[in-house]
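Me: I have a model open beside its sequence, and I would like to learn how to read it feature by feature. Could you take me through it slowly, giving the general idea before each case?

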Amino acid sequence: MRVMGVEVIAGINWGDEGKGRMVDYLAQDADVVVRYQGGNNAGHTVVNERGTFKLHLIPSGIFNPRAFNVLGPGMVIDLEGLDAELRDLRAKGVATEGMRLSERATICFPFNREEDAWEEERLERAAGKGYGSTRRGIAPAYGDRYMKKAVQVGELLRPEWLRGRLERIVEWKNAVARGVYGREGGVAFDDVWEWVRTYGERIRPLICDTTALLEDAAKQGKRILFEAQLGALRDVYFGTYPYTSSSHVLAAFAPIGGGLIGYPPERVVGVMKAFSTAVGEGPFVTEEVGTAWAEALRETAHEYGAATGRPRRIGHFDALASRFGVELQGATELALTKLDCLTGLDPLRICTRYEYRGQPITRFPLNAVLEECQPVYEELPGWTDDLSAARRFADLPPNARAYVERIERLVGCRIRYISVGAERERLIDRGA
């Protein structure tokens, strides 16, 4: 009996690289698609024959009716957000019966959202700026998990047990709300309990031991695809800390956060854009602020956050940061997205290294150095041809091919997939 390994699709940069469209494409041949970290603080935009969808918690494999979709134990689940997403998909004719939620994932409560907002406001008053949080409660929810104050999703199936635990947690939350943030109203237990009962009841049928489900699938030789949120440079250990997510976004975490222990990734498809974008605060060396180039590219490429609608910060392709992301993800191959959005821009710039106080920097540094770094660019000629009909690498104009090949050499990993449009079929596959 064949036992499969793990395939992972993960971001190389700061997130928003186009992972959703790649999961949607590759999931057509998958038996199981698993989200292994994060919450509803970011999203994947998927464009297919059914329309345009913005997913925040649900894996992008939901559009394959033959696949199971799993929310893994490494996630933090806003029950209300999940319920809204499910109802929206069902209203658009998408089947959601083949989805399961790990009993070991933890819950992101409304009071976590409030804490998130309180802390951002405190930082803005004290330091002039916050971390750029989406205020969806993700950092406090992960903080609760590590403080051993979180609630596991499986506890929803045992309300008598859960009520006592939740009373003690709310008591602690009120101590924090009043003592740290001066919120005298605090958190009302009855409101929290009503929220749990309302949304917990709706998602109860999805809850199970997903590790057992995945182990059975692996032993049957099923194809299992793991999906990450955000990108390597937002990883809580290796990203631009503290301007990161609060979870482990790297492919190496997929077997743990996904709940399929002992199956290390065999294939990692790293996803990066043909230019750089970021949402939120933190250093971003190649950023163009307020230039006509950046404003035009933002509109052409529709660079607004899927979760918040915030305009994304725009920059030139950063080969140094991308090479670091490729190493962190252990990428075996790459997907380069939105190449078509660079049509008409000439010349194109690629950052090959940084300078810090007059000294060259060739490896992605900590923020203490990064915030003073300046980009060093090389320029390549652009193109004016419409790329949307290209389905082979040879169909691209010479300058577009040269741009892709130069990036490939700089980041040290083969670019297999090149997207030339948001739709599923607008993709070049250069083969294994």
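Me: Let us begin with a single residue: is Thr210 buried or exposed, and why?

Reply: Please keep in mind throughout that this is a predicted model. Buried means under 20% relative accessible area, and Thr210, at 1% relative accessibility, therefore counts as buried. Thr210 has its place in helix H7, residues 210-219, and, when residues up to four places away in sequence are not counted, Thr210 touches Val70, Pro73, Arg100, Leu101 and Ser102.

Me: Which residues does Leu101 contact, if its neighbours within four places in sequence are left aside?

Reply: Leu101 is in contact with Leu71, Ile77, Leu82, Val153, Ile203, Leu206, Ile207, Cys208 and Thr210. Leu101 also belongs to the largest nonpolar core, which has 38 residues, and the residues with the most contacts inside that core are Ile77, Leu82 and Leu101. At least two residues of this core are supplied by each of strand S4 (51-55), H2, S7, H5 and H6, and the largest share, seven residues, comes from H6. Apart from this core lies another, of 37 residues, among them Leu334, Cys341, Leu342 and Leu410.

Me: How should I read a helix such as H6, and which of its residues are buried?

Reply: A careful reading takes the span before the sides. Helix H6 (residues 189-203) has 15 residues and reaches 21 Å from its first C-alpha to its last, close to the 21 Å expected at 1.5 Å a residue. Its buried residues are Phe189, Val192, Trp193, Trp195, Val196, Tyr199, Gly200 and Ile203. Because these buried residues cover an arc of only 155 degrees around the axis, they are on the same side of H6. On the other side of H6, Asp190, Asp191, Arg197 and Glu201 are exposed.

Me: What covers the buried residues of H6?

Reply: The cover includes helices H2 (79-91), H3 (110-127) and H5 (159-179), together with strands S7 (99-102), S8 (106-107) and S9 (207-208).

Me: How do I read the sheet, and what is the order of its strands?

Reply: Strands of a sheet pair through backbone hydrogen bonds, either parallel or antiparallel. Here an open sheet of ten strands has mixed pairing and the order S9-S7-S5-S2-S10-S1-S11-S15-S19-S20. The edge strands are S9 and strand S20 (427-429), each of which pairs on one side only. At the S9 edge, two bridges join S7 to S9, which run parallel, and Ser102 stands opposite Cys208 in S9.

Me: Which strands are joined to S11 by bridges, and how many bridges are there?

Reply: Six bridges join strand S1 (residues 6-11) to S11, and these two strands run parallel, with Val268 in S11 as the bridge partner of Val8. Five bridges join S11 to strand S15 (residues 333-337), again in a parallel run, and there Met272 stands opposite Leu336 in S15. Strand S11 (residues 265-273) is mostly covered, since seven of its nine residues are buried. Helix H12 (residues 398-411) lies across S11, S15 and strand S19 (415-419), running at about 135 degrees to S19.

Me: Finally, a loop residue: where is Gly130 found, and what does Gly130 touch?

Reply: Gly130 is found in the loop between H3 and helix H4 (138-146), and with a relative accessible area of 6% Gly130 is buried. Not counting residues up to four places away in sequence, Gly130 touches Glu120, Leu123, Glu124, Tyr243 and Glu281.

Conventions. Residues are numbered from 1 along each chain as its sequence is written. This is a predicted model: local features need pLDDT of at least 70, side-chain atom pairs count only at pLDDT 80 or more; totals for chains, interfaces and linings use all residues. Side-chain values use heavy atoms; hydrogens and water are left out. Helices (H or I, at least four residues) and strands (E, at least two) are DSSP runs, numbered from the N terminus. The expected span of a helix is 1.5 Å times one less than its number of residues. Buried means under 20% relative accessible area, exposed over 50%, partly exposed in between (1.4 Å probe, protein chains only). The arc is that of the directions from the helix axis to the C-beta atoms. Contact means heavy atoms within 4.5 Å. A nonpolar core is a set of buried Ala, Val, Leu, Ile, Met, Phe, Trp, Tyr and Cys residues joined through side-chain atoms within 4.5 Å. Two strands pair if DSSP finds at least two bridges between them. Axes are lines fitted to C-alpha atoms, for helices over the stretch in contact, and angles run from 0 to 180 degrees between N-to-C directions.
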